[in-house]
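Please find below a colleague's notes on this model, set out as numbered points to be read alongside the coordinates.

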Amino acid sequence: MEQVLYARQIVQDCKNFESYLKDQKAIAESNKRTAESAVHQARLEMLGTTNKYNRGECLLAYRSCIADKGGCGVNFENCLDADLLSRRANACENVLDQCMAVREYVLSDWEDEAESILVEAAKYADRYARSTCLARIQLCLEDSCSTETNSACLSDLNVAAGICPVIDECEEMIPGIKTVINDKLGYLRTQFCQNDVDQCLRDRCGENFTAPECVGKSAYEIAALCPQSMFPSCKTETQFDIIVQAAMLQMDYQMLQGCLNYFSEQLGAVCGTDMSCLTTDTKITSLVAIPETEEELAALRETVRSNTENAVDEFFKQFEKDKTVAACQDSQKPADRKSLGDSVFNSAKMIAQISAENRAMRELESKIAELSRQQDLEEAEENCYALYKVETPDKSSKNYSYIRSVVFEPAFRNCHVCRMQQVCETGGQSKGSAGLQGAAGGLAAGASAGTMVTPGWGTAIGAVVGAVGGYFVGSSAGGEQEFCQEIESCEDVNM
C-alpha cells in the first residue's frame, strides 16, 4: 500500500512540476516579448533622434546654430575668415548628431554654403562699418576727449584723430568724412561747454538758486559766478551768453517742478485730486425724474456746472490763505525773476475747476443712469441718446470737451460713450529765444513745456503743469507760447 501511495504521490508531484514549468515558460516568453518591444522602441527613438532632420533641414539648423551658439552673429559678421568659421562650427556637433543618415552630405553642403556666407559677411561688415562711422567717432570723442587736460582735443582735427584712430579709419572708407567731423567737433565743444556751465551753476547756487551765494542776486550777477574764462571747453565759444541763459532756464524749471509738486500734494491732501471734498450738488441728489426734453437736460447741466464753479471758487478763497509754498518763496529766486506763487496757484485752480466739473458731470450722469435702469429698454435707449449727444467742439475756447460718438447696446443696456477733451496752458519762451538756445546746443530746449495728462472716467483730465514754467521766465525771454493736450477716452454707462 505504501508503495502504491508513494507512486501516486510521485505522479502528482511530477504533474505539479510540469504545470510550474509551463507557467515559468509563459512568464519567460512574456518577458522576452516585453524586452523585444522595449528594444524596438529604443531603436525607434534613437533612429528618430539621430535622423530628426532631413538634408535641407539639417543644413538650416546647422547654419542657425553657428550664427547663434557659435557667436558668429546673424549676418556672420563676427566670423569673417574660413578658419574662424570652422572653429565656431565645432560648437554645433550636436546638430549633426541629429541627422546621421545625411551627415556627410550636410558637411559637403556646408563647405559650399560657407564660401558664399563669407563673401556676404564681408559685404555686410563693410556696410555696417561705413554706416556707423559717425556714431563711433562721436562716442570715442565723448569718452576720450577732455578739454581740461587737452584743450585742442575738440578744436584741432589732427589732435582728435590722434586720440580717436577711428577717424582716420573712417576717412579711408569714406573720403571726405573729416570735413563732417570738423563740424561735429564744433557741436561737441558746445556740449562740453554747456555741461561745465550747468555743473558750475549747480555747484554755486544749488538746484533751485537757494544757496546763500545766489539768494537775492540778479541773473546777471549769478552768471558772473561762472565766467567763460574758467572753462577750457568754452574758450572759443561765441554764444556763451545763450548757454548760460539755457542753463539758468533749466534751473528755473527744476525749481518750478518742486513748487508744483509740493503745491499739488497740499491741495490733494486737503481736497483730493478730483476735489472730492466738495459735497455732491443738491440739484443732483434731489433728482427723481429724467428731464423730458433736451432743453431741460441742457439747463440741468448748466446749473450743475455753475454750482460746481461757485463751490470751487468758495473753496479756493479759503485755500488761498494757506497757499504759501516753501519752494516758491520770492527770497529763494533771483531778484529779477517773477514770483511763482500766483502762476502756480492759478494753474492749480484751473486744474481743480476741470476736475470738479468732470466729477459733477459723472455724478449727474450716474444719477440719470440709475433712474433709467428703472425704465423699460426702449426708454433706456432714448435716455442714452438724449443724455449723450455727438457734438461738434466749440473751439472758441482752448479748454474744451465734447462727445465724439455714442452707441447703445441693447443686450447689455449699455450706452457706449467716447469723449475728447483739450486743456491748454500758456507759458514758455518766444520763438526767437528758443532759436538762440537751439543754436547754442539747446541745453534746456523745451524744458518749460512739460505736460501731464491723467485719463479719468469718460473724459480726459488735462493738467498742463510744466507749461507754467515759462510764465515767469517769459518776462526775461520776451514772449510766450501755448501748450495744448487733447486725449480721448471711452466708457460704458449701464442704463
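1. In this predicted model, the side chains of Arg103 and Glu93 meet in a salt bridge, with an N to O distance of 2.8 Å. Because Arg103 belongs to helix 5 and Glu93 to helix 4 (residues 93–96), the pair ties together parts that are 10 residues apart in sequence. The two partners should be described separately in terms of burial: Arg103 is buried, with a relative accessible area of 17%, whereas Glu93, at 32% relative accessibility, counts as partly exposed. The description should also mention Asp97, since Glu93, Asp97 and Arg103 are linked in a network of salt bridges.

2. A further salt bridge joins Arg55 to Asp109, and the closest N and O atoms of this pair are 2.8 Å apart. The pair links distant parts of the chain, with Arg55 in helix 2 and Asp109 in helix 5 (residues 103–131), 54 residues apart. Computed from C-alpha to C-alpha is not how the contact above was given, but on that basis Arg55 and Asp109 lie 9.1 Å apart in space. Helix 2 covers residues 55–68, and Arg55 is itself partly exposed, its relative accessible area being 38%.

3. Which residue forms a salt bridge with Arg419? The partner is Glu365, and the closest N and O atoms are 2.8 Å apart. This pair, too, links distant parts of the chain, as Arg419 lies in strand 2 and Glu365 in helix 14, 54 residues apart. Both Arg419 and Glu365 are buried. In total, the structure holds 14 salt bridges.

4. The largest pocket encloses about 840 Å³ of space. It is lined by 35 residues, of which Arg305, Glu357, Glu391, Ser401 and Tyr402 are the closest to its centre. At least two lining residues are supplied by each of helix 13 (294–319), helix 14 (341–372), helix 15 (377–387), strand 1 (400–409) and strand 2 (414–427), and the largest share, 8 residues, comes from helix 14. By residue class, the lining of the largest pocket divides into 14 nonpolar, 10 polar and 11 charged residues.

5. On the surface, Phe17, Tyr20 and Leu21 form a nonpolar patch, and together these residues have about 320 Å² of accessible area. Phe17 is found in helix 1, which runs over residues 2–50.

How values were computed. Residues are numbered from 1 along each chain as its sequence is written. This is a predicted model: local features need pLDDT of at least 70, side-chain atom pairs count only at pLDDT 80 or more; totals for chains, interfaces and linings use all residues. Side-chain values use heavy atoms; hydrogens and water are left out. Patches are made of residues with over 30% relative accessible area and no salt bridge: like charges are joined within 9 Å, nonpolar side chains (Val, Leu, Ile, Met, Phe, Trp, Tyr) within 5 Å. Accessible areas come from the Shrake-Rupley method with a 1.4 Å probe; for residues, only the protein chains shown count as cover. A salt bridge is a side-chain nitrogen of Lys or Arg within 4 Å of a carboxyl oxygen of Asp or Glu. Helices (H or I, at least four residues) and strands (E, at least two) are DSSP runs, numbered from the N terminus. On a 1 Å grid over the protein atoms alone, a cavity is a set of points where a 1.4 Å probe fits but cannot get out, and a pocket is an open set with protein on both sides within 12 Å along at least five of seven lines; lining residues have an atom within 4 Å of a point. Grid points are joined across faces, edges and corners, and a volume is the space filled by probe spheres set on the points. Ala, Val, Leu, Ile, Met, Phe, Trp, Tyr, Cys and Pro count as nonpolar, Asp, Glu, Lys and Arg as charged, and the others, Gly among them, as polar. Buried means under 20% relative accessible area, exposed over 50%, partly exposed in between (1.4 Å probe, protein chains only).
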